[in-house]
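Reader: I should like a close look at a single part of this model, with attention to its side chains and its helix contacts. Please set the account out as one connected answer.

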Amino acid sequence: MKSSNLWGHAAFRRISLALAVDSFCSWMLVAALPLVVASRFGAGAELVGSLALRLLPSLLLAPFVATLLRRSGPRLPVLCALSATAVAIPGLAFAPDAMTLQMVVLVIGAADAVITPGLLTLRAGVVPAGRNMEANTAFQAIDRFAKIFAPPAAGLAVASTSITVTLLALALAQIAAAWLLMLQPCNEPAKQQPAPLPASSFGREAVAILREKPLLWALLLPAFGYMVSLGALQPFLFWLNRDQFHLGPEMWTLLLAAQGAGALIGAFVSHRLAGALTNTGTLLRAYLVASLLEGLSTFALIFAPNHLVAGGLLIVGGIPEMVAFATYFTLVQRCLSLERQTVLYAISLPLMDVCLIVGIVSGALYTSSLMTLGQFWLFASACAVLPVLPFLKRRAGDR
């Protein structure tokens, strides 16, 4: 029976619940990891290194993960990766030295390399026909809702209990996410696809997808620039809170929450736009304009005089960010089959992680005193804005 209510679809509802728990846990870990590192080993190179190392396995494991997901389907690998994360997270609290802690971070990163593309494939398979924009808005709203409440929850938990108790709670949350995913029936869409290509064909198919669908370049290149800025945003907000506003380290979690609040507002905007964005051209135009507005609004953080204004700017920037995310995934789903989406995610997500790492590591420009904090953020913001302009100009010329 076909339900007019998106949440009336049982498969969509189950995946959304599992995604909500995983997103909440993931954002709590994003907020808690700098607190763990800064309290034990410092907030300079050690902080930059730990943030970057979490992303490194996604780059190294991309072909393997793509083959694994296509051969076995995403459900079982994601379950195993969630379980591995639950085992690894407490190790952050008990690691005796920085080297051991970084090894634990690498294990968590390896699990993330499977969880992220696996959940993307699973959620794409439960989207009802013709409901892509609404469903992608709902998925992004779940993530941004988690971004609002999870970072302050992590900061509050660390302040009121301890880092150890907080990390143990995160491990239990990952177990809960795995349990919820187990409730989903095993008839995965990925298993209904043709036999997977050999691993040697992975690169050739990725190139073929980009050649056959040139529109994907207008999605990917601005997304890569955005990811550089996003990678730089994490240490930037931590340093902005500490060095410019001179507040306690837990207060940086409120800045993360502010960006999430803006994105949640953006979810309602995106939902209202869903009826108007009915064809590929309007979706692409909305994606490019939203990407530009998000980059410009977060650039204004340079001029924020206090914590409250910075939070307001992050709320404003989160609104177009949400529209950009929803239109991005909607365009991917329109252009590619589920099997090809798996290939695109497996190749593009590691490249986006490269950009995230570039953004994070660029923080060394500030920690080594080569740039002021404002100059560092000017560089990061330019990475988000400049790749959008050629495609936006081309769309304007087409009209």
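Reader: Is arginine 242 buried, partly exposed or exposed?

Author: In this predicted model, arginine 242 counts as partly exposed, because its relative accessibility is 35% and the partly exposed class lies between 20% and 50%. Arginine 242 forms a salt bridge with aspartate 243, and the closest N and O atoms of the pair are 2.6 Å apart. Aspartate 243 is likewise partly exposed, with a relative accessible area of 27%.

The count of salt bridges comes to two. Besides the pair of arginine 242 and aspartate 243, there is a salt bridge between the side chains of arginine 340 and glutamate 212, with an N to O distance of 2.8 Å. Glutamate 212 belongs to helix 10 (residues 202–212) and arginine 340 to helix 15 (residues 338–361), so this bridge ties together parts that are 128 residues apart in sequence. Glutamate 212 is partly exposed, at 49% relative accessibility.

The surroundings of arginine 242 may now be described through the helices. Helix 11 spans residues 215–244, and its axis comes within 8 Å of the axis of helix 12 (residues 252–273). The two axes cross at roughly 130°, an angle that is neither over 145 degrees nor within 65 to 115, and helix 11 and helix 12 are therefore oblique to each other. Their crossing is right-handed. On the side of helix 11, the contact is made by Leu233, Gln234, Leu237, Phe238 and Asn241; helix 12 contributes Trp252, Leu255, Leu256 and Gln259. By class, the residues of this contact comprise six nonpolar, three polar and no charged.

Helix 12 also meets helix 14 (residues 307–335), their axes coming within 6 Å and crossing at roughly 40°. Helix 12 and helix 14 are therefore oblique to each other as well, and helix 12 passes helix 14 in a right-handed crossing. The contact of helix 12 with helix 14 has 16 nonpolar, seven polar and one charged residues.

A further residue to consider is asparagine 132, which is found in helix 8 (residues 132–160). The C-alpha atoms of asparagine 132 and alanine 326 are 8.8 Å apart in space, although the two residues are 194 residues apart in sequence. With its neighbours within four places in sequence left aside, asparagine 132 is in contact with Val127, Thr330 and Gln333.

Conventions:
Residues numbered from 1 in each chain as written. Predicted model: local features only at pLDDT ≥ 70, side-chain atom pairs only at ≥ 80, totals over all residues. Heavy atoms only, no water. Salt bridge = Lys/Arg side-chain N within 4 Å of Asp/Glu carboxyl O. Helix = DSSP H or I, 4+ residues; strand = E, 2+ residues; numbered from the N terminus. Buried < 20%, exposed > 50% of the residue type's maximum accessible area, 1.4 Å probe, protein only. Axes fitted to C-alpha atoms, helices over the stretch in contact; angles between N-to-C directions. Parallel < 35°, antiparallel > 145°, perpendicular 65-115°, else oblique. Left-handed = near helix turned anticlockwise from the far one by under 90°. Contact = heavy atoms within 4.5 Å. Nonpolar A, V, L, I, M, F, W, Y, C, P; charged D, E, K, R; others polar.
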